[in-house]
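Here are a few friendly notes to read alongside the model. Please keep the sequence and the 3D view open as you go through the points.

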Amino acid sequence: MGLISDIKEDLDKGALRLLSEYHGLLLNQARTLVSSPEEAEDLVFCTIERVLAKSDTYDSSKGDLLTWMKAIMANLYRDGHRRKLSDAVTYCPNEALSDAVDESAAEAVLANSDGEYVRQVVASLPPELREVIVLQYFA
């Protein structure tokens with residue numbers, strides 16, 4: 001009987017089978033994505049939780065089970081990575097920005113700079129940072 005069938009019939013039995021058959025393979029994959037063994041274990045267990053929760057969406061005609069689980073793991077990793085990046089970017093209201101930046105110094109840099117270079121640098125920023133710069137200095 002297939003693993004997905006086991007999960008659908010008896011979640012505990014299916015979870016134990018999933019863990020015993022795929023833990024090592026998933027852990028090896030997780031170690032290629034994250035730096036610490038603890039993070040790798042966390043990623044494996046998040047993946048197993050998601051597999052158990054989404055087992056009814058698995059379609060064997062689209063690929064084998066391990067490939068599907070690795071895709072789930074990769075998506076979890078990307079989501080966590082994006083979350084860490086977005087947590088690193090803090091919101092700075094205009095009042096705080098005005099206090100933090102000497103407006104005359106910023107204007108002097110812009111006035112004495114090559115306008116094309118400034119546009120290139122601003123264009124190379126991530127969209128959320130570019131928007132702040134454009135709204136603060138060019139709007």
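What share of the contacts in the protein with a separation of 6 or more is accounted for by residues 24 or more positions apart?

1. **Contacts along the chain.** The share is 52%: that is the part of the contacts with a separation of 6 or more that residues 24 or more positions apart account for. Please bear in mind as you look that this is a predicted model.

2. **The overall build.** You will find eight helices and zero strands in the protein. Reading from the N terminus on, the elements therefore run α-α-α-α-α-α-α-α, as helices are numbered from that end. Of the 139 residues in the protein, 24% are buried.

3. **How far to trust the model.** The mean pLDDT of the protein is 78, and 73% of the residues reach 70 or more. Among the elements, α3 has the highest mean pLDDT, at 92, while helix α5 (residues 94–100) has the lowest, at 49. Over residues 96–100 the pLDDT stays under 50, and the model has five contacts beyond four places in sequence for this stretch. Where pLDDT is low, the predicted coordinates should not be read in detail.

4. **Helix α3.** This helix covers residues 37–53, which makes 17 residues. From its first C-alpha to its last, α3 reaches 24 Å, close to the 24 Å expected at 1.5 Å a residue. Its buried residues are A40, L43, V44, T47, I48, V51 and L52. As you follow those positions, it helps to recall that an α-helix has 3.6 residues a turn, so residues three or four places apart point the same way.

5. **A closer look at T47.** Is T47, in helix α3, buried or exposed? T47 counts as buried because its relative accessibility is 0%, and the cut-off for buried is under 20%. Leaving aside neighbours within four places in sequence, T47 is in contact with M69, I72, M73 and L76.

6. **The second largest pocket.** About 280 Å³ of space lies in this pocket. The elements that give two or more residues to its lining are α3 and α4 (65–88). The largest share of the lining, six residues, comes from α4. Residues you can pick out in the lining include L33, V34, E39, D42, L43 and C46, as well as L76, Y77, G80, H81, R83 and K84. By type, the lining divides into six nonpolar, two polar and four charged residues. L43 is worth a second glance, as this residue lines the pocket and is also among the buried residues of α3.

7. **S5, in the helix α1.** S5 is found in helix α1 (residues 3–9). Its relative accessibility is 31%, so S5 counts as partly exposed. Try locating S55 as well: S5 and S55 are 50 residues apart in sequence, and their C-alpha atoms are 9.0 Å apart in space.

8. **I133, in the helix α8.** I133 is found in helix α8 (residues 127–138). With a relative accessible area of 28%, I133 is partly exposed. How far apart are the C-alpha atoms of I133 and V122? They are separated by 7.4 Å, and the two residues are 11 residues apart along the chain.

Note on methods
Residues are numbered from 1 along each chain as its sequence is written. This is a predicted model: local features need pLDDT of at least 70, side-chain atom pairs count only at pLDDT 80 or more; totals for chains, interfaces and linings use all residues. Side-chain values use heavy atoms; hydrogens and water are left out. Helices (H or I, at least four residues) and strands (E, at least two) are DSSP runs, numbered from the N terminus. The expected span of a helix is 1.5 Å times one less than its number of residues. Buried means under 20% relative accessible area, exposed over 50%, partly exposed in between (1.4 Å probe, protein chains only). Contact means heavy atoms within 4.5 Å. On a 1 Å grid over the protein atoms alone, a cavity is a set of points where a 1.4 Å probe fits but cannot get out, and a pocket is an open set with protein on both sides within 12 Å along at least five of seven lines; lining residues have an atom within 4 Å of a point. Grid points are joined across faces, edges and corners, and a volume is the space filled by probe spheres set on the points. Ala, Val, Leu, Ile, Met, Phe, Trp, Tyr, Cys and Pro count as nonpolar, Asp, Glu, Lys and Arg as charged, and the others, Gly among them, as polar. pLDDT is the predictor's confidence in each residue, from 0 to 100.
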